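Me: Please take a close look at one part of this predicted model. I would like the side of chain B that touches chain A, with some background on chain B itself.

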Amino acid sequence: MTKPPVEPPGEGDAPDTTGNAVPEPEGAAAASPEPAASSPDAGPVTERAEVRAEKEALQEVAGTGTAPQPDQTVAVEAPPVERERPWAVRFLRYLVTANSVMVTIYSLILAMVIGGVLIVVSDEEIRGMYTYFFSRPGDALSASWTAISDAYSALFQGAIVDFTQLELAFQGQVDWTKLLRPISDTLTNAAPLIFTGLAVALAFRSGLFNIGAQGQAIAGAIGAAVVGFGLDLPLGIHVIATLLGGALAGAIWGAIPGVLKARTGAHEVITSIMLNYIAAYGLLWVISTAFVHSTERTDAISKSVDNTSWLPSLFLNANLRANWGILVAIAAAGVIGWLLSRSTLGFRMRTVGANPDAARTAGMSVASTYATAMACAGALAGLGGATIMLSSTSHALTPAVVGNIGFDGITVALLGRARPVGVVMAGLLFGAMQAGGVRMQSVADIPVDMVTVLQALIVIFIAAPALVKAIFRLRPSRGAGLDLTMAKGW
Amino acid sequence: MTTLATAEVAESKAVHGFWTRSVKGGLTYIALGLIAIWFGTRVESGANAVFKIFWTGEDIEVKLPAAATVFALAGICVIVGALLVSPLGAGMFTGGTAIALTAFTLAFVCFSIAKPGVFLPVTATMQGALFLALPLILGALCGVLCERSGVINVAIEGQFLVGAFTGALIGTLTASAWAGLIAGALAGCLIGLFLAVLAIRYLVDQVVLGVVLNLLALGLTGFLYERIMQQAAEQYNSPPRLGDWTVPLLSDIPVIGPALFDQNIFTYMAVALVAIVYVALFHTPFGLRTRAVGEHPAAADSVGVRVNWVRFRNVLMGGLIAGVGGAFFTIGSAIAFNKNMTVGKGFIALAVLIVGRWNPIGALLGALLFGFTDQLQIFLSSMPGGSPIPSQFLSMLPYIVTIFAVAGLVGKVRAPAADGVPYVKS
């Protein structure tokens, strides 16, 4: 069972033994008799048209609540008609269909709207204006509009491009450093998020909910820092050793909940959260030890890592923070994509994730798969911690060095629907929002916590596509949902 | 289901081999006993462990020779461990565990306070433990209500946070702790409403949903804290304190009297709620329906119980209780709201729920255990002369205890069968 034919991971994951009886409609999958021989659930691997259609029908019902949608028949009949229509009609139809892209976009819009309401409600001055709303509605409305548009404009300009710099550039005074700074910040923020997002996503696919990415990232930051200033290695090798140190520390930390779950059945959600707190206190202790603590400063900061272990700058410009971390993150996403869809281990993980009982029946060791998956996830989160530590200005451990990347990683994984490509895009989006959030705080005086609120709202809407569909009256579609069902019990 | 299946496998292995739970536990306790003996050797000769017990108006000092006490307790630990390893220990696991761990903890405490000028105020420690256990009790009760009806509620942490925030805000604005309490409860209920609608109506995965709701609550309270409270703390964030109530007569009982009957109103509320939920769950039609829906919704449905309605109602009621638990963080002791001030207590409440086996009484006992650990940790790290262990490790203590409790001590737990499984009428 080496390389099962690839299919979009996640959609067909649920092992579906009934699928075996259905004759193969496409020749493409015929080249894979091995999976069927080694496991009874070849269903996930060789996707059959009928099974898929049936499953989607089921999903449709599940996604829309208890009652079957009355317009479901339209959806079934629609495809043949659609092919005849001009592209504009098809495009418009695409816009009002609840497919995964549009649900994501609509979720973003909804989150931004709610965020806007929050901005207005929390502004004392504007609240005052609403007290005399009926005599002069213009005041309140224009003030609200200004507050919201200022905030979101700052968010955008801090993340993508600064308008004033762009104007200057058009006038011929291009200052590359300033023009690229927002993008650079976005990429810098995105790299650790992609790592932790992958850490959560990989665990999701193995049927585990890894809330422990935070602790694993802390462990990774510690591991990387110790290698970074503790070892004396030549340029090039030192960077790799530092990252590996982070990955190893993260893997060890991540393996604990996996082993506990495998051996005692303790739910990984609780154990990994507790390990987050333990790691946070452990970081405080590590920083305070004589070996790690900075020799020059008295506050809680470690020694800086040697500059041979720094990640090379991406834009070859010392004033821009972006470094190769983002490239490593994207490479890691590629590796995870390969791992999940092409490797034996990935197949085992997905099978265990979809149905541990079936996996056990097929002779797979569920316990060792849990442990391996959590260790891999921990290694990824550890890389995230290492990257964020190496991207910090001090290149050292501080009590808040990893920020909140572990928890943000959960939202990244959910938004990316636990697929590597999705995680990279979601990581870039949330990285951009965080970069913009900093500017939003300084320019528009909106606390950065706004970004957390937006992230959470987006993910809530993504997780409930039926809700988005109902709000925007979208046409039903297939596969828009967050097809992640884990943790069916404690 | 997944987890339970794994648990069964682990269990069956354990029973057939030499490495039964009892043997493993016994060896652990022997090891702990040896560590305790090492503690004993480290105690300065002639040092006393002083306990002060509040006894009707004055402190009674109990002085024990520290080294001897530590050795005696360590001996108990080793003996219990040995008993558990031997064939005699088959049925004694629970009791033995309790004795061994208590002995080890006491040995550690004696070792830590065996210094001149240091004493352990027993009554105050018990009071503090109960105080710290209160939000855990309330959070775990919320979990009991939700999960007994088949909805996993991981959002207790979020409910705590919004409860604490709203309690502080409304309590300050109205200058009334009671108004703050009610507002906090309603805020917790609001998160419960989100949970219920999304989990029951829109069938979102409940664990994922809970975690994301926590994030939402964290972001929301953090955002509003900075936007509203930070600029005018006097005006918006100086909550009043919900008063104490000294029960006449009962509070005069030595030792436990002041700890139990001279307390914050929250304490009485929590204890009353434990009793109410217990009776309601196991001795009323309400509880029967709840449990039926949590165990076998299809069967409950077939006899006319409205499954999703029962779940909806329970999640909302749970939200109210968790909101009260949250309000306790601020108006329970007139502490201003701060970002992420609940530091994972909601998750510990979840662990308490599991350790307490989805039972209100069990949750109460579990919460007291955690409260005690937390109080001990606070006492030891703020002790004059400092603790022999770095304070960061002491701070980890409640979390480590949680992991051990969930992973090992409780043995096999069984969640309600339909916990976390949405009910779709077919």
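Reply: Helices here are DSSP runs of H or I with at least four residues, and strands are runs of E with at least two. On that basis, chain B has 17 helices and five strands. The model is predicted.

Start with the chain as a whole. Chain B has 426 residues, and 56% of them count as buried. Take its contacts with a separation of 6 or more: residues 24 or more positions apart account for 76% of them.

Now the side that touches chain A. Here 54 residues of chain B are in contact with 56 residues of chain A. Five helices of chain B each supply at least two residues of this side: α1 (2-16), α7 (177-201), α8 (206-229), α15 (345-355) and α17 (391-409). Of these, α8(B) gives the most, with 16 residues. By residue class, this side of chain B divides into 37 nonpolar, eleven polar and six charged.

Next, confidence. The predictor gives the complex an ipTM of 0.84 and a pTM of 0.83. Within chain B the mean pLDDT is 83, and 89% of the residues reach 70 or more. One stretch needs a separate word. Over residues 1-15 of chain B, pLDDT stays under 50. For that stretch the model has 29 contacts beyond four places in sequence. Helix α1 of chain B spans 2-16 and is one of the helices supplying the side that touches chain A.

Note on methods
Residues are numbered from 1 along each chain as its sequence is written. Chains are lettered from A and ligands numbered from 1 in the order in which they are written. This is a predicted model: local features need pLDDT of at least 70, side-chain atom pairs count only at pLDDT 80 or more; totals for chains, interfaces and linings use all residues. A residue is buried if 20 or more other C-beta atoms lie within 10 Å of its own, exposed if 12 or fewer, and partly exposed in between; C-beta atoms are placed from the backbone. Two residues are in contact if their C-beta atoms, placed from the backbone, lie within 7 Å. pLDDT is the predictor's confidence in each residue, from 0 to 100. Ala, Val, Leu, Ile, Met, Phe, Trp, Tyr, Cys and Pro count as nonpolar, Asp, Glu, Lys and Arg as charged, and the others, Gly among them, as polar.
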